[in-house]
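Here is my note on the model, set out as numbered points. Please read them alongside the coordinates.

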Number of protein chains: 2
Amino acid sequence: MRKVKVGLIGLGTVGSGVVEIFARHREEFRRHAGVDVELTRFCDRDTARASALGLADSTFTDDYTTIVNDPEIEVVIELIGGTGIARTVVLESLRAGKSVVTANKALLASFGEEVMETAHEKGVDILFEAAVGGGIPIISPLKHVLVANEITKVMGIVNGTTNYMLTRMAEDGLDYATALSEAQAKGFAEADPTADVDGLDAAAKISILASIAFNSRVVMSQVPAEGIRSITPADIEYADQMGYTVKLLAIARRVDGCIDIRVHPTLIRSSHPLASVGGVYNAIYVVGDSVGETMFFGEGAGSLPAASAVVGDVIEAARHLQSGCLGLIGCTCTDSLRVRDIGELETAFYIRLRVADEPGVLAATASVFAEHGVSLASVIQKLAEGGEAELVYVTHDAAESAVQAALAKIGANEDVHEVGTVLRVEEL
Amino acid sequence: MRKVKVGLIGLGTVGSGVVEIFARHREEFRRHAGVDVELTRFCDRDTARASALGLADSTFTDDYTTIVNDPEIEVVIELIGGTGIARTVVLESLRAGKSVVTANKALLASFGEEVMETAHEKGVDILFEAAVGGGIPIISPLKHVLVANEITKVMGIVNGTTNYMLTRMAEDGLDYATALSEAQAKGFAEADPTADVDGLDAAAKISILASIAFNSRVVMSQVPAEGIRSITPADIEYADQMGYTVKLLAIARRVDGCIDIRVHPTLIRSSHPLASVGGVYNAIYVVGDSVGETMFFGEGAGSLPAASAVVGDVIEAARHLQSGCLGLIGCTCTDSLRVRDIGELETAFYIRLRVADEPGVLAATASVFAEHGVSLASVIQKLAEGGEAELVYVTHDAAESAVQAALAKIGANEDVHEVGTVLRVEEL
């Protein structure tokens, strides 16, 4: 057993988890996995972090090039995040012939091709299980166990912050602002929650999953993302009455040789495996032509869960180094499927209208949908305050353009006071 | 890319799925996975199966030694099942220096050590993802992504037949016999359902999972198994009223440096991720010290789901052959943890009594539990027919021996007409 020396760059939440796991289990890695991996150097801009973790001064540097240029280090863990210095660190490490383990979803979602190609040229490993779903095994299962499948769909709850908020809104009727404050107070949401609540974090993750599942590169800028700011407790309640749960879903489908990919709040049948995934948990649902439906569930964030995936990758890289099979699986984006525009989407819709409590409004609005070829699956009418009623429709699959045209005409009806929330419905 | 020739022995349900997947996707395996795998020889005792699958006569044999002795074949797929001829086929193939892919849970659960050691001696792969959970990735995640964890618990619904029956009993109030007949009519249960309904199939599977998760060999004969024959719709209904769902669970825990392992019908909180897994679906719930809770869900049986896992393993073996890293992960049973006797178990219990509808029976029975140090968590009393009542207790964690002693004394009370179903409760 030869020792594999590892450099760790980035001592934040996940980095400190990695240090903790090595401290706890390094001996077991030798005995159980047959690899002798050692964290030999640590880097962070913030010197205080090293001492907080009890790391020896001699092993710490605030200059990442010390690690990239260390000839003894064979594996670099990049946990800086983002597409700035992290990109440089990853590319320079690969070019120096080191394998890289990273949790950096943003980097892979925007510069995946560059990173994968560089690793391929140098014949080293680039592993990133922690980039999606924290500790949940999903990248490796897609590249290994499920590889015999044509994957037709990958759909997931990949953002714990918004799932926590929607769960609280559903269970206790909190409004969006209160749910956000509570998530921030508990440390589940950042002070600036944009990346989470506007679906950008989920968009990065689904672009990575889709690239692997469909063997065709999708970059984050190709993923339309809509967040949860417009969701009200009333929508969640109406959805529930109709048998649906509201989740922020990241959805990627193979449709007619193209890729349909998007992130948006979605009504999903309450009996669907994803519907009961609550709180900060994540889950990724995968459908393959042979395996059928599968789902992978767990903690999608947090120091130790993400570090679990990072260290798993480090051990994998060490096994490959030891067995002389570095780069065992490289880039799998061998096809070039077209990414469809969201305007091409046909899906079912949930539509909430505030209308005058007058006879004939339901008939009038329903007939506008019919005129536009939008067929209705269910409707709820409920008295609101001040002589108003709420009308909630769920349509069958319809073209987005037809629904928008119908809503424009409905909005012009003077008895319709507001076209409220419009949400997509998955697997009606 | 060099061609890897594969021999397939056993053309039953899973074997025909393997043939179908290769027919559908062999070209994609070259493009996406970078391996050129070809099924070159097929073997079954039943010659008719080959023609039913449209296989050329020249590729078919009813003598497995033709495949084991074929020097061109590098990977043998064993899908005969059982521990008779299948054991010989697997061992002879390994000894001939071929990698083996198998779905044979019985073989691995009883002769795992022999099989793993033979593969290790010859430096070849033995892969068996399909042995547990059909197409669900679980063996590979335990050996790869989750390898940095100390796994504390593996618990699953690993038998689709009994899960289908319990789901039908819960949803439509069917009794055991009716649920079984229905499962048989739908092809979900065998004519002789013993292996499924008595928990033996689940016992084989949990012994494999525990061996990997705890790095310590557990053989099937060490797993106490209790099936679902005694479960009534009334038990399921009482459990539901108390917030529990009845599932046949295969449970393995790491407790005080020992392994607690068993299969039995179990009450589990209806909010637990396993509780909502219905019908023929399987799910395996894994807890690790870093990753926390994870769950793997999907179709646990059936031709194509199991074949999906088999072909995934074949592609993995081909990658290893091509990269020269055969036997990348061998046997991981490096420790020797003691397997505890079920008598050492402390758990919560569900106990149903049929009693005389007289004052004082509840007090009398409750006080017997108290005398034996068995603390009660909840109770339901319900009038039955003929001047009888039903008393349903759920206890806190208690020693099995204390509960049995209390029940012996309670059974001797003349107002207690029957000590009915006694079930264990997991995660009270």
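1. Domain bounds come from an automatic or database domain assignment. For chain A that assignment gives domain 1 (3-130 + 303-323), domain 2 (139-299) and domain 3 (345-426). The C-alpha centres of domain 1 of chain A and domain 3 of chain A are 52 Å apart.

2. This is a predicted model, in which local features need pLDDT of at least 70 and side-chain atom pairs count only at pLDDT 80 or more, while totals for chains, interfaces and linings use all residues. Residues are numbered from 1 along each chain as its sequence is written, and chains are lettered from A and ligands numbered from 1 in the order in which they are written.

3. Chain A contains 14 helices and 17 strands (DSSP runs numbered from the N terminus: H or I of at least four residues for helices, E of at least two for strands). Along the principal axes, its C-alpha atoms fill a box of roughly 80 × 45 × 35 Å. The radius of gyration of chain A, taken over C-alpha atoms, is 24 Å, which agrees with the value near 22 Å for a compact globule of 428 residues; the globule rule is 2.2 Å times the number of residues to the power 0.38.

4. Of the 428 residues in chain A, 53% are buried. A residue is buried if 20 or more other C-beta atoms lie within 10 Å of its own, exposed if 12 or fewer, and partly exposed in between, with C-beta atoms placed from the backbone. Among contacts in chain A with a separation of 6 or more, 75% join residues 24 or more positions apart; a contact requires C-beta atoms, placed from the backbone, within 7 Å.

5. A turn of 180° and a shift of 0.0 Å along the axis lay chain A on chain B with an RMSD of 0.0 Å (least squares on the C-alpha atoms of residues with pLDDT of at least 70 in both). The two copies are therefore related as by a two-fold rotation axis. In chain A, Phe296(A) has the C-alpha nearest the axis, at 2.5 Å. Both copies use the same surface, as 100% of the contact residues of chain A recur in chain B.

6. Helix α7 of chain B (residues 160-172) has 13 residues and should span 18 Å at 1.5 Å a residue, which agrees with the 18 Å between its end C-alpha atoms; the expected span is 1.5 Å times one less than the number of residues. In α7(B), 11 of the 13 residues are buried, including Tyr164(B), Leu166(B) and Arg168(B). Partners of these buried residues in chain B are β7 (151-157), α8 (176-185), α9 (194-197), α11 (233-241), β8 (244-255) and β10 (281-288). Gly173(B), just after α7(B), takes a positive phi of about 70°.

Conventions
Two residues are in contact if their C-beta atoms, placed from the backbone, lie within 7 Å.
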